[in-house]
Amino acid sequence: MSTNNETTATPSACESSSSSSSSTAASPSPSAPPSSTSTTATASTPATAAPTTASAARGNPRVLEAMHQPVWDTLSMATNVLIAGCGGGYDFFAGIPIYFALKKAGVNVWLSNLTFTSWHARKELLSPGGRPDWLTEICMKVVAGSSRNQTLWTPESEDYWPELWVANWMKAQGIEDSFVYMIERSGVVQVKAAFEQIVLRHSIDTIITVDGGTDSLMTGNEEGLGTPTEDMTSICAISMLENVPRKLLMLIGLGVDCFHGVNHSLFLENVATLDQQGGFLGSFSLTRSMEEAQKLIDVFNACNPVNSIVMCSVTSAVEGHFGDYHANPRTHGSKLYISPLMSQYWAFDLASVARNVLYLDQIKATRSSGETMATINRFAHSTKKRKGGRIPY
């Protein structure tokens, strides 16, 4: 999900009310191997007795290994991970549960995001130690406690700065490395250079780019592409990075892209194609009982949630709401369809996703967001459209 979706999009029922998927109830945590429980026989509990409680079942490694999802096999090899907001805005919030799950497993994790914050305002941000930490001309490190140059600050800028708000929230929680890398919306060339510097600084071996919504799985010939410019800028830039052995795309928020014309039967068809190619790494639900889900709700509610209709829909689904439920006053007057499908993660090998994007080669050399958008639009207007049907259940 990208661009104006954060400020103008209103997800509607569309066909998402009938969407369905196969979800396995796996915890979003690639944690260390589970601790074992004693099987020593006692007078009251024979050694051959089957577990009689949920607690006992959780202590059985064979139970936890059953129906294991490939995404955790991939992340189990990670040491230094960058979680990058794919389409800008509040997309990086979709990675918050994964951030805490990996942290709990002892993995080093950092956050980055394509930003919708005023570029003028960002130039006037003052780090606690003085001057801002710029990695490239479009990438800066936003540190908790940063201040604003009030003589140059514009009122509208003060209302939208999710990267700084998250950094401040992290510091209040006592989290070390409480900062977020903020990348200006630009061409693939500049965004790739920004990622290269983050990779170099932290010896990144795994990148997970996260999307609030599912339009980042559109290949270019669907009847509706959603808002692909920022999504595809990130996917293209990350796909070209060298010396990063693991690159993943993870999505959450199935159904929110109806407003932008995405047909979710085509999304599911694309998932099936990736599954055949070995690029689909599994799907699982984010439930309200998970500590990581509560972290997402807490940080989102602390960061002016009215700014993001997408993440309001996701967190509403996590909280168990259903149907025409409006957590965000900006959606009043529209028809929503909040459902458990919106709180479900979908994980993919990013290289496989990139190979299926029909116009990817055409945007690799773009040097502005406008050039990327124009290139995608030209391709979309000249290609034969793949029609999607209504999901029949």
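Q: Are Phe-93 and Phe-300 buried or exposed in this predicted model?
A: This is a predicted model, in which local features need pLDDT of at least 70, side-chain atom pairs count only at pLDDT 80 or more, and totals for chains, interfaces and linings use all residues. Residues are numbered from 1 along each chain as its sequence is written, and side-chain values use heavy atoms, with hydrogens and water left out. Buried means under 20% relative accessible area, exposed over 50%, and partly exposed in between (1.4 Å probe, protein chains only). By that scale, Phe-93 and Phe-300 are both buried.

Q: What kind of aromatic pair do Phe-93 and Phe-300 form?
A: Rings of Phe, Tyr and Trp (its six-membered ring) pair if their centres lie within 6.5 Å; planes under 30 degrees apart count as stacked, over 60 as edge-to-face and the rest as tilted. The whole structure holds 15 aromatic pairs. For Phe-93 and Phe-300, the distance is 5.8 Å centre to centre and the angle between the planes is 80°, so by the cut-offs the pair is edge-to-face.

Q: How many residues apart are Phe-93 and Phe-300?
A: Helices (H or I, at least four residues) and strands (E, at least two) are DSSP runs, numbered from the N terminus. Phe-93 belongs to the loop between β1 (80–85) and α4 (96–104), while Phe-300 belongs to helix α11 (residues 291–301). The pair thus links distant parts of the chain, with a separation of 207 residues.

Q: Which strands are the edge strands of the open sheet?
A: Two strands pair if DSSP finds at least two bridges between them. Nine strands form the open sheet in the order β4-β5-β7-β2-β1-β8-β9-β11-β10, with mixed pairing. Strands that pair on one side only are the edge strands, namely β4 (133–136) and β10 (280–285).

Q: What angle does the direction of helix α9 make with that of β8?
A: Axes are lines fitted to C-alpha atoms, for helices over the stretch in contact, and angles run from 0 to 180 degrees between N-to-C directions. Contact means heavy atoms within 4.5 Å. Helix α9 (residues 228–239) packs on the sheet and touches β1, β2 (108–115), β8 and β9. Its direction makes an angle with that of β8 of about 170°.

Q: At what distance from the ring centre of Phe-179 does Lys-141 lie?
A: A charge sits over a ring if NZ of Lys or CZ of Arg is within 6 Å of the ring centre and within 35 degrees of the ring normal. Lys-141 lies over the face of Phe-179, and its distance from the ring centre is 4.2 Å.
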